[in-house]
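Me: Please take a close look at the nonpolar interior of this protein. I would like to know what it is made of and how single residues sit in or outside it.

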Amino acid sequence: DKIVPPETVVPDEVLETLDSLDHLIQQRLLMTTIPKPMQNIKLGDGRVIFTVENEFTVTLTLVGDDESMPWRLLDIKILLEDEDINLGERKPLIHSSQIHFLHSLAQSRLFNDSDPLVDLYSCIHYFCLSLQLEIVYTQALQLKREKWADNLFISEYNPSSNLTLRYWKQATGEASCSVTIKMDSSNAAIPSLQVLHSPPMKNAS
């Protein structure tokens, strides 16, 4: 059988296609609710990049001009870092399997017909908050091991939920102060980390 070589795509055709795709993406963005933290936007080359400072970037595109066609997730990058954890070998905070799982989960959120970008943000933001909580827990373990063995106590840690630390041991041997960092999901679309001190901290005058 005769093998027919594929048609050659000339650069001008590529640029025209990307320009058309940029226009489609721009039109879709105008019709889509974009969470305020995701409004750092870069559009070009047939894709749109959203950056949430100190948390993540996501790259999206469209694969057709049908308005019912969902966004296609191309890439996720987690921007969270911790120098103490990464000191030396600079190991990543998250494993590639976690990124793969997060990618699949985030793509599923983009099938939401009403507010896909709101759902996308909520999903990845929650992951970043959980990672921040894990970083604080790991740092507390390091402090306890290296400097504060007798003055820092980890009372409770539930991944993706809460962390309670007690510190400043009294003469009785009990820690006199505590701080609790917990997930606050009172706003389901934009969860946050809530910090509670005991005794409560006084406002600076």
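Reply: What follows goes through the nonpolar cores, then a strand pair, then two residues for comparison.
The model is predicted, with local features needing pLDDT of at least 70 and side-chain atom pairs pLDDT 80 or more, while totals for chains, interfaces and linings use all residues. Residues are numbered from 1 along each chain as its sequence is written, and side-chain values use heavy atoms, without hydrogens and water.

The largest nonpolar core (buried Ala, Val, Leu, Ile, Met, Phe, Trp, Tyr and Cys joined through side-chain atoms within 4.5 Å) holds 30 residues. Ile-78 and Ile-124 make the most contacts inside this core. At least two of its residues come from each of helix 1 (11-30), strand 2 (47-52), strand 3 (56-61), strand 4 (72-78), helix 3 (96-109) and helix 4 (116-146); helices (H or I, at least four residues) and strands (E, at least two) are DSSP runs numbered from the N terminus. Helix 4 is the biggest contributor, supplying nine residues. Beyond its neighbours within four places in sequence, Ile-124 is in contact (heavy atoms within 4.5 Å) with Phe-56, Val-58, Ile-76, Ile-78, Leu-102 and Ala-106. There is also a second, separate core of nine residues, among them Leu-133, Leu-165, Cys-177 and Val-179.

Strand 2, one of the contributors to the largest core, pairs with strand 1 (residues 40-44) in the antiparallel sense over five bridges; pairing needs at least two DSSP bridges. Arg-47 in strand 2 is the bridge partner of Gly-44. Two residues lie between the strands of this hairpin, where Asp-45 has a positive phi near 60°.

Leu-165, from the second core, belongs to strand 6 (residues 162-169). Its relative accessibility is 11%, so Leu-165 counts as buried (under 20% relative accessible area, with exposed over 50% and partly exposed in between; 1.4 Å probe, protein chains only). Outside four places in sequence, Leu-165 touches Ala-140, Leu-152, Phe-153, Ile-154, Cys-177, Ser-178 and Val-179. Of these, Ser-178 lies 13 residues away along the chain, with a C-alpha separation from Leu-165 of 5.4 Å.

Met-69 sits in the loop between strand 3 and strand 4. With a relative accessible area of 29%, Met-69 is partly exposed. Apart from neighbours within four places in sequence, Met-69 is in contact with Arg-28, Leu-62, Val-63 and Gly-64. Phe-111 is 42 residues from Met-69 along the chain, and their C-alpha atoms are 8.7 Å apart.
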